[in-house]
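Could you walk me through this structure in plain language? I'm new to it and would like to know what to look at, piece by piece.

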Amino acid sequence: MKEKGYRISTEPGALSSVLQWAADAEVRKMAYVQGNSVPHANLAVLDKLIAARHEIAQIMGYKSYAEFAVRPNMASSPQVVKSFLLEMSKIVRPKADEEFRIIRDFMREKSGQNRDLEPWDEAYFTGMMKSSAYNLDSSVVASYFPLSQCIEGLKVLVESLFGATFHSIPLEPGESWHPDVLKMSLHHPEEGDLGYLYLDLYSRKGKYPGCAHFAIKGGRRISETEYQLPVVALVCNFSGSCNSSIVRLNHWEVETLFHEFGHALHSLLSRTDYQHFSGTRVVLDLAETPSNLFEYYAWDYRVLRTFAKHYSTGEIIPEKLVQSMLGAKKMFAATELQRQIFYALIDQRLFGERPSPPRDTISVVADLKRNYTSWKHVEGTHWHTRFSHLLNYGAGYYSYLYAKCFAATIWQKLCQEDPLSLATGTALRTKFLQHGGAEDPAGLLNDLVGDGILRYHDGGLVPDITSLCDEMKLGECKQEQFLL
């Protein structure tokens with residue numbers, strides 16, 4: 001716009017780009033405030049959602065929607081969830097505060113201003129600090145991750161871990177919802193086809209945003225000799241199309257692809273008698289465990305060297321570059337963990353027991369941010385009205401933190417020594433993935449890695465956090481042992 005400058009979209013991708021790259025603090029502030037105060041109409045929509053869910057819970061005989069939603073899960077009650085989140089918050093706070101001070105001091109040094117660190121400064125200055133500390137260039141990293149090679153990486157994983165191979169299958173006329181969609185079968189030399197996977201990986205107008213795994217058909221036993229094979233789709237939004245020049249992924253996109261692939265494997269390797277228990281149809285606070293576990297594979301050099309090759313030279317990704325990527329990832333890990341705890345606390349508070357009269361959601365979120373993060377709340381913003389997990393993970397967002405703890409323990413105790421071995425894959429498949437939701441989740445986890453992955457607390461189950469604390473170097477993470 002000639003008179004006013006540039007018009008910036010407030011959709012998440014554009015907003016995050018401005019916050020990371022705009023050198024002018026006033027521009028970042030304007031983008032942050034505008035981007036986190038739209039759409040205003042969602043405030044009323046969220047109020048209606050909270051009220052409707054509360055009404056459903058009361059009809060069903062529960063005090064709150066959180067109690068209704070959490071009861072079938074391992075946690076079993078909002079009280080158990082809250083105690084877990086507060087314990088995690090207490091453990092991570094000192095390191096998160098330290099990271100805040102480091103960012104603030106760096107910002108003051110670079111800007112020459114003795115001002116407070118604001119939320120719109122975080123992405124810009126942490127990005128700058130990571131680049132300078134590890135000399136990382138995102139375009140250089142992406143050059144080793146052409147999408148076609150990343151798909152080869154998924155094939156290497158299933159062959160190494162499970163002795164199975166993916167084969168491309170021609171689509172029948174009318175079978176695909178878009179020409180970019182690919183179809184593959186997962187085939188085992190002794191067991192035959194295990195399931196079918198659709199890949200719809202490229203962004204396009206009007207497509208479902210973000211990345212997700214969809215179970216199109218669950219596995220089930222039809223008769224003693226016949227089994228209905230699972231059919232799943234992985235939907236992502238990577239830039240480009242299958243007809244364009246080489247599509248290269250940022251490493252966070254590779255991590256996302258491996259995350260969703262973990263969900264897909266849970267579905268494809270499931271062998272339950274009933275569809276209702278197939279694959280990812282497990283209690284919610286177990287569901288994200290395979291996906292979080294497979295994120296580790298996207299960071300391990302022994303895995304990356306099998307497929308991460310330069311798009312033009314074919315050079316295998318240098319180990320030194322991967323070490324730099326890991327170093328950058330760990331730089332502000334406590335801040336990110338604190339953010340996830342904050343999100344889970346919002347989710348529990350909004351769908352928990354309702355005060356009378358109900359408080360507005362903006363003040364609830366503002367209080368939680370002031371009390372449980374190192375950062376301030378910006379007046380006039382209501383970021384949470386764009387947090388879609390409140391819709392599809394209502395009172396269940398804590399599941400990601402449960403999964404983060406479970407995955408850290410499984411990786412360290414089972415996978416880390418030899419992540420690509422058939423023995424590792426066989427254990428994952430036979431003791432965990434193939435059972436879906438047909439077996440007790442605590443029994444599955446204990447059978448997979450032995451004792452020390454779960455703890456009983458107040459009638460529910462919480463993850464052991466030792467492995468995650470060790471990984472993040474959070475110091476002594478002592479949990480009381482609670483017995484039923």
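Let's begin with D180, in a model that is predicted rather than determined by experiment. D180 is buried, because its relative accessible area is 6%, and buried means under 20%. You'll find D180 in the loop between β1 and β2. If you'd like a second landmark, try S139: D180 and S139 are 41 residues apart in sequence, and their C-alpha atoms are 25 Å apart in space.

That loop leads us to the sheet. Five strands make it up, and the sheet is open, with the order β1-β2-β3-β7-β4 and mixed pairing. Which strands stand at the edges? They are β1 (165-168) and β4 (212-217); each has a single partner strand, so one side of each has no neighbour in the sheet. Going from one strand to the next, the twist averages 30 degrees.

Now look at the pair on either side of our starting loop. β1 pairs with β2 (residues 182-188) in the antiparallel sense, over 4 bridges. To see the pairing residue by residue, find S168, which stands opposite M184 in β2.

The sheet has helices packed on it, too. One of them is α8, which touches β1, β2, β3 (192-202) and β7 (231-238). The direction of α8 makes about 160 degrees with that of β3. Another is α9, which packs on the sheet and touches β1, β2, β3, β4 and β7. Here the reference strand is β7, and the direction of α9 makes about 170 degrees with it.

How do these helices sit relative to each other? In general, two packed helices are described by the angle between their axes and the distance between the axes. For α8 (residues 147-162) and α9 (residues 251-268), the axes come within 11 Å and cross at roughly 40 degrees. That makes α8 oblique to α9, since an angle under 35 degrees would be needed to count as roughly parallel. The crossing of α8 past α9 is right-handed. If you want to see where they touch, pick out L147, C150, L154, L157, V158 and F162 in α8, which meet V254, L257, F258, F261 and L265 in α9. What kinds of residues make this contact? The count is 11 nonpolar, no polar and no charged.

Follow the chain past α9 and you come to Y274, in the loop between α9 and α10 (284-287). Is Y274 buried or exposed? It is exposed, because its relative accessible area is 56% and the cut-off for exposed is over 50%. Leaving aside neighbours within four places in sequence, Y274 is in contact with G219 and R220. Y274 and G218 are 56 residues apart in sequence, yet 8.3 Å apart in space, C-alpha to C-alpha.

For another helix pair, move along to α18 (residues 422-431) and α19 (residues 441-449). These two pack at an angle of about 160 degrees, and their axes are 10 Å apart. α18 and α19 are therefore roughly antiparallel to each other, as an angle over 145 degrees counts that way. Their crossing is right-handed. On the α18 side, the contact is made by A427, L428 and K431, and on the α19 side by L444, D447 and L448. Sorted by type, the residues of this contact are 4 nonpolar, no polar and 2 charged.

Next comes a hairpin. Strand β8 (residues 454-457) and strand β9 (residues 460-463) run antiparallel and are joined by 4 bridges. R455 stands opposite V462 in β9, while Y456 has L461 as its bridge partner. The hairpin has 2 residues between the strands, and D458 takes a positive phi near 55 degrees. Both faces of β9 are covered: G460 and V462 are buried on one side, and L461 and P463 are buried on the other.

G460 also takes us to our last stop, S76. Not counting residues up to four places away in sequence, S76 touches V70, R71, G459 and G460. S76 lies in the loop between α4 (65-70) and α5 (78-111). Its relative accessible area is 17%, so S76 is buried.

How values were computed
Residues numbered from 1 in each chain as written. Predicted model: local features only at pLDDT ≥ 70, side-chain atom pairs only at ≥ 80, totals over all residues. Heavy atoms only, no water. Axes fitted to C-alpha atoms, helices over the stretch in contact; angles between N-to-C directions. Parallel < 35°, antiparallel > 145°, perpendicular 65-115°, else oblique. Left-handed = near helix turned anticlockwise from the far one by under 90°. Contact = heavy atoms within 4.5 Å. Nonpolar A, V, L, I, M, F, W, Y, C, P; charged D, E, K, R; others polar. Buried < 20%, exposed > 50% of the residue type's maximum accessible area, 1.4 Å probe, protein only. Pairing = 2+ DSSP bridges.
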